[in-house]
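Got a few minutes to look around a new protein chain together? Have a look at what follows, then we'll go through it by question and answer.

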Amino acid sequence: MNESTESVLDPNKDDLPLMANTNYMLVRHYVLDLAINFDREVISGTVVLFLETSKVHKKASSSSGMDQHPSWEGLFENEQSGSSCSVSYACKDKMSNLANHSDGRVTNVNNCNHSNNEWARGISGTREHCGNGKDFVLVLDCCNLVVNKVEEVNVIAAEGIEKLIRMDVLKREDGIYSPGLQNDLQSSILDEILGLAAEHWQEQHNYFIQCSEAPGCGELEFQTDMWSLKIKKPGIQSPKDFPRVLRIWYETKPEGGSVKWTKDQCGRPCVYTAGSPINNRALFPCQEPPVAMATWQASIWAPKDSVVLLSGENCAKPHQNGALSKWFYYVTMLMPASTFTLAVGYWLEVKDECTFNHPLQSPLFSKFINENCRVSMTTCGHPPYPCHFQNPVVQVQDCIPHRVFAPDCLKLRSQEFLLPLVAQCLSAASCVLGTHPFCRVDVLIVPHSFSSLGMASPHIIFLSQSVLSGGNHLCGVRLCHEIAHAWFGLAIGARDWTEEWISEGFATYLEDVFWANVQKLSQEEMKEQQQLRSLLRWRRLREEIQNSEEELQVLRPNKENTGVVSNSGGTIVKHGRNPGKNFMQVHYLKGYFLLYYLENQVGQKIFLKFLGRFVEKFHGQLILSEDFLQMFMENFPQLESQGLSVEAIYQVWLDVAGLPKVTKWAGIDQRVRKGSRKRQRGCKDKVTFRELLPDQLVLLLEFLLEMKSVSSQTLQRLQKQYCLREQDAEVRHRWCELVIKNKLTVAYGDLVNFLKQDQAMGIYLYGELMINEDARQQQLAHRCFTMLKEEMDPTLQKVVAEMLL
């Protein structure tokens, strides 16, 4: 995306723009202070941004001998005729009028307020207060937010900040105050805070809070459009002179896409970040590009009986204040803003009846977090932060502390199916990949309108209620998938969001490994289970490739331009807003088979050890496909003689649509098909058929779906034999497909229940109901959609609405 198109994007396209000009300034820390209002369905408050001039800009400036920044011509259009803003920046000089208080604090005694109303009326293309240059504009990703005010924060007035004021900045050698004293002091103080070593994170976070509570020292000009918030200070033409600490007063909109306002399964109000394609830009103004990694602190005010869960490192406890309670969370690990996750509702913690003290609530755990998890890293490849991976205490930890939350009506089911699995799955994952990247995790059962089976974020996992039915199989498999994202997707992230396979392909591959460890399968049993699951995935991938656009089947759609951004740092995510893409599994399945293929080249045991080494090297960093593939080839150079190379993998697996065309892939396909034929032969034995595992049931039902028709009598006997209505959601989905295909009207109630209770998986059934061209089925689809559309996830609602046209 070039500079001329950054501010002019076609809203009808399905690409997602990332507008933040991260090559000029980076947000290093966010402090949020937000209030939840269930009646109005809004979140309101402030976010304070702590900024630093980007190293990319510093390098460009030093090499050219001058500051460079995008022209952003036309970003601020004149809504009405008039002269340019007439507010004189003589007030900038007044900022240097400082006073020493008796308590030793240095504060600014003048506020410089610059009315945005006046600016909006008079701004034009000219820059009368900029000399011969153009003002620098800070661009943040922002959508569907009501921004009320943006102001510069006077960190000099922060309590206890005087310890960080450097005398060499305060005065010159001749004792005369520096001309730009205010700006110099602000920058030097922030540099001192950001420069604190990782082991001093608590001191650093205390300074962030103190600075966030300091008074403002002048409003800044701002303007919002469809995708961004643009901020400037007239007369400031360089990022290095731009204010380093900003406070933004804003409010979300009920229709904002980043959070979902709904009711839980008990009918009580709740709100949560829904994993929207637009990420968090409708929750708070931020920098969305993955390279903008930052830390954060958040104070959330909510009704006193509600529970606030965030993707924070600490286990927050509420502090009552009248009708509201305040919950405070923080993170010290640098993470993209898209990973910030919020859930507020009337959840209950699900506890083992024999457990009286949870480790998260014990003094010993607090001591463990404060003393042991804060070891400064010296050998990691990521920027400094308190890292988990070289902490000797954590390395021998079998399972990280965890909690489970659910609405009251699902508490018993969560206690029966989910709670016992969490520790087992966490332990199995650590046995394979080593140290868990995070110090704790919460697991929450979200409302049935949630649009997927699960979503992983730092320190918190969302699971659909669909995983709680039919035993522990689907629950365990999905939990293993989300736990795998702690390593691949979170601790190691994609530098280019179009390379989703780096997250989803790895999690799909690892879920089998983790789940087999939980089940304590033998090597032979594990191999048989993997072959069966590979067969199911192969069938699903083949079907999806036959029924999807070729452009959406490419795992590395930007090819040689993967990871490339514009001069400002802005970019676009191809098809990032395509609603149908959210429900495709090509990146999961094709990515899985690529890893399965690589595993078969070296053997599973050796391949898993390699993945562990890869995690050790790249945790805390953003990667591209080439980083993984190059390290793989470096570790297994003998494969070059067999024709395998990074370029060959690009050409066969990542840069093309369709199924991979490779000789050795045919070997995998042959093994998968052999397992299929072996199981079909086994189907002739009635004894073998009496009891089937969930995956075997899914395969049986898929074979029946390939038949031209199945009689009503056979289907009803099948349901009775295998209790299909009580099976997990994967089995019940295939059962509903059989009901639709064979017009089994006596089972239409099963179909309606599935569409209502398992919304994350029901989207394909709407399509089947419409394609079948049966009037009664089409009426059923319309009736269910009318009943559920108000509570549906917006993306799901849009896709289903298009199906029903």
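A charge counts as sitting over a ring when NZ of Lys or CZ of Arg is within 6 Å of the ring centre and within 35 degrees of the ring normal. Keep in mind that this is a predicted model.

Q: The charged end of R556 sits over which ring?
A: Take the charged end of R556 and look for the ring beneath it. The distance to the ring centre is 3.6 Å, which is within the 6 Å cut-off. The ring belongs to Y650.

Q: Which residue lies over the face of Y592?
A: Y592 itself is buried, with a relative accessible area of 0%. The residue over its face is 4.4 Å from the ring centre. That residue is R537.

Q: What is the angle between the planes of Y592 and F593?
A: These two form an aromatic pair, with 4.9 Å from centre to centre. F593 is buried at a relative accessible area of 1%. The pair is edge-to-face, and the angle between the planes is 70°.

Q: Why is the pair of Y272 and F462 edge-to-face?
A: The structure holds 35 aromatic pairs, so let's take this one as an example. It links distant parts of the chain: Y272 is in strand 13 and F462 in strand 23, 190 residues apart. Both are buried, Y272 at 1% and F462 at 1%. The ring centres are 6.0 Å apart, and planes over 60 degrees apart count as edge-to-face, so what settles the matter is the angle of 85°.

Q: Which residues have the most contacts inside the largest nonpolar core?
A: This core has 145 residues. A second, separate core of 64 residues includes L229, L246, F284 and F340. Back in the largest core, the residues with the most contacts are L611 and F628.

Q: What does L611 touch, not counting residues up to four places away in sequence?
A: L611 is one of the buried residues of helix 14, alongside others including F607, L608 and F614. Leaving out residues up to four places away, L611 touches L433, F488, F506, Y509, L510 and F628.

Q: How far apart are the end C-alpha atoms of helix 14?
A: Helix 14 runs over residues 604–618, which makes 15 residues. At 1.5 Å a residue, it should span 21 Å, and the model agrees. Just after the helix, G620 takes a positive phi of about 80°. As for the end C-alpha atoms, they are 21 Å apart.

Q: Is C723 buried, partly exposed or exposed?
A: C723 lies in the loop between helix 20 and helix 21. It has a positive phi of about 50° although it is not a glycine. Its relative accessibility is 38%, and values between 20% and 50% count as neither buried nor exposed, so C723 is partly exposed.

Q: Is E773 buried or exposed?
A: E773 is found in the loop between helix 23 and helix 24. Here too there is a positive phi, about 55°, in a residue that is not a glycine. With a relative accessibility of 70%, E773 counts as exposed.

Q: What is the relative accessible area of Q777?
A: Q777 lies in helix 24. Beyond its neighbours within four places in sequence, its contacts include V739, I740, Y748 and L769. Q777 is buried, and its relative accessible area is 0%.

Methods
Residues numbered from 1 in each chain as written. Predicted model: local features only at pLDDT ≥ 70, side-chain atom pairs only at ≥ 80, totals over all residues. Heavy atoms only, no water. Core = buried A, V, L, I, M, F, W, Y, C linked by side-chain atoms within 4.5 Å. Buried < 20%, exposed > 50% of the residue type's maximum accessible area, 1.4 Å probe, protein only. Contact = heavy atoms within 4.5 Å. Phe/Tyr/Trp six-rings, centres within 6.5 Å; stacked < 30°, edge-to-face > 60°. Helix = DSSP H or I, 4+ residues; strand = E, 2+ residues; numbered from the N terminus. Expected span 1.5 Å × (residues − 1).
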